[in-house]
Every structure is written in C-alpha cells, then in structure tokens.
Amino acid sequence: MQFWWLFLLFFFPFIGGVIGFNIQSSKTKQLKLFLAFSGAFLISITVINLIPEVYERMGHKAGYYILAGFFLQIIADFFSKGVEHGHLHVHDLKKGFPVSVFVALSLHAVLEGFGLGGDAFSEETRSNLVFAIGLHEIPAAFALAVVLKSVHTINNRNYFWIALYALMVPIGMIIGSQLVSYSDAFTAVISIVIGVFLHISTTILFENNESHTFSKYKLVAIAIGLTVALLAVNFHVH
C-alpha cells in the first residue's frame, strides 16, 4: 500500500463533490461524457486485469462471487437511487439528509477500497485499479453533492459530508491491508467487488443516455477510456 494511493483516492471524490456543489446544472453533457470515459476505463481494467487474476487464484468458484457482486449492486441501487452511476433524480428524494443514499454510497466505496489493501492482486494491477476507482468516484461524489445541495437544508455542513465520503475508499483500503492473512476470504471479497464493477460500468455505458443511442461524443469518450486503460495495462502505470 502506497501513500499516494490514499491521497488520490481521497482527492478524486472530494474534488468531484466540490464541483458538484458549485456547478449550476445537475445534468450536464460534460458529466455524461466523463461517466462514459470512466465506465469504459473501469470495465477495461476489470476484464483485462482483475477477472484473470481472481480466476487464477480461485478457479471456477470466482464466477459465483462475481455474480453475487453483480446482483448485490442491484440491491444497493435501490438505496442509493443509482447515484453512483449518474442517475440524478433528486425530485424523487425527500427533503432532509439523504441517509440511505449516503450510507449505500459509503459502503460501496469501502468495498471498492478493500480490494486495494491486501496482496490479492499484483502491484501493477492495484496501481491501475487506483485510477479506475478514483475516476469512478469523481462522478459518484459529484452526484452525491448534487443530491445534498438539493435536499439537505444545512448547506454549510455539506462539505463535511463530502470530505467524510471521500475518506471511505481509503478506509476500506486500510481495513483490507490489515486482513491480508485471510487470503481466501479476501480474494472472495475481491471477486464480489469485480461483480460490482461490472454492474456499474455496464450501467454507465448502456443506460446513461436518454435516447438509448450513442452520440459521437460519447463514442469518443468511450474510445479514450478504453485506450487509456490499454496503455495503463501494457505500460504498467505506477
């Protein structure tokens, strides 16, 4: 575990939240394009790096855990309202602090960080995973900030909640680093995280468009995300 991983995993969501507090519109083309980029990057890293490594360690059993993670995220969406992959239906939320959204997103972030804390993956894979999670957490924190400023009346405390949320991935990473001796259970949890990643990335790519079509800008964003992931894998970004 490296210190700069912890820094980036806090910095990315915190900046995303700050942007969400200060932007005027909750549905910008820029956010959708960034979601498309991060979704393409996340699914590419998952397929190229993460899935082969867990199958190498667990064999066919990994598939069951990956499937469990995929459907676990569907349940999590019920509580988070799909905020982590760009669904900003703030009119469906009641006024007051969005407890279910915050808790669901926080647990999701802790689970993501968990995979970085141990030695279940090679350092090269974990380094790439830092950027995949960080890029995903920017729009997730952005969406959480939009929800907070729309339904939470105590605006001067919103930055505290975003900072607290930004700590969740590093906390998960620290917890994971303390459990490296439980290698079998740890790898099983990582497989569940992979299922979560697959659900989020595919949802971003295929549902984040009201007309259910791919615009040329979205295709470019997806191509860039795929290209960056391929470069990161082949050149082993550190």
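## Overall architecture

Read from one end of the sequence to the other, the protein chain follows the pattern α-α-α-α-α-α-α-α-α. The count is 9 helices and 0 strands. The model described here is a predicted one.

The protein chain has 238 residues, and 52% of them count as buried. Among contacts with a separation of 6 or more, 85% join residues that lie 24 or more positions apart. The protein chain exposes about 11200 Å², and carbon and sulfur atoms supply 68% of this area.

## Helix α1 and a nonpolar patch

Helix α1 covers residues 3-22, and F11 has its place there. F11 also contributes to a nonpolar surface patch of about 490 Å², together with F3, F7, I15 and I19.

The relative accessibility of F11 is 35%, and F11 therefore counts as partly exposed. This class lies between buried, under 20%, and exposed, over 50%.

## Helices α6 and α7

Helix α6 comprises residues 158-166, and helix α7 comprises residues 168-177. The two helices pack with their axes 4 Å apart, at an angle of about 30 degrees. Because of this angle, α6 is roughly parallel to α7; the cut-off for that description is an angle under 35 degrees.

The residues that meet are L164, Y165 and A166 on the α6 side, and M168, V169 and P170 on the α7 side. Helix α7 is mostly covered, with 7 of its 10 residues buried. The buried residues of α7 are M168, V169, P170, G172, M173, G176 and S177. M168, V169 and P170 thus appear in two roles: they meet residues of α6, and they are buried.

## Helix α9 and residue N234

Helix α9 spans residues 216-235 and includes N234. The relative accessibility of N234 is 57%, so N234 counts as exposed. The cut-off for that class is over 50%.

N234 can also be placed relative to E124, which is 110 residues away along the chain. In the model, the C-alpha atoms of N234 and E124 are separated by 9.9 Å.

## Summary of the features described

The chain contains 9 helices and 0 strands. In helix α1, F11 is partly exposed and is one of the residues of the nonpolar surface patch. Helix α7 is mostly covered and is roughly parallel to α6. In helix α9, N234 is exposed.

Conventions. Residues are numbered from 1 along each chain as its sequence is written. This is a predicted model: local features need pLDDT of at least 70, side-chain atom pairs count only at pLDDT 80 or more; totals for chains, interfaces and linings use all residues. Side-chain values use heavy atoms; hydrogens and water are left out. Patches are made of residues with over 30% relative accessible area and no salt bridge: like charges are joined within 9 Å, nonpolar side chains (Val, Leu, Ile, Met, Phe, Trp, Tyr) within 5 Å. Accessible areas come from the Shrake-Rupley method with a 1.4 Å probe; for residues, only the protein chains shown count as cover. A salt bridge is a side-chain nitrogen of Lys or Arg within 4 Å of a carboxyl oxygen of Asp or Glu. Buried means under 20% relative accessible area, exposed over 50%, partly exposed in between (1.4 Å probe, protein chains only). Axes are lines fitted to C-alpha atoms, for helices over the stretch in contact, and angles run from 0 to 180 degrees between N-to-C directions. Angles under 35 degrees count as roughly parallel, over 145 as roughly antiparallel, 65 to 115 as roughly perpendicular and the rest as oblique. Contact means heavy atoms within 4.5 Å.
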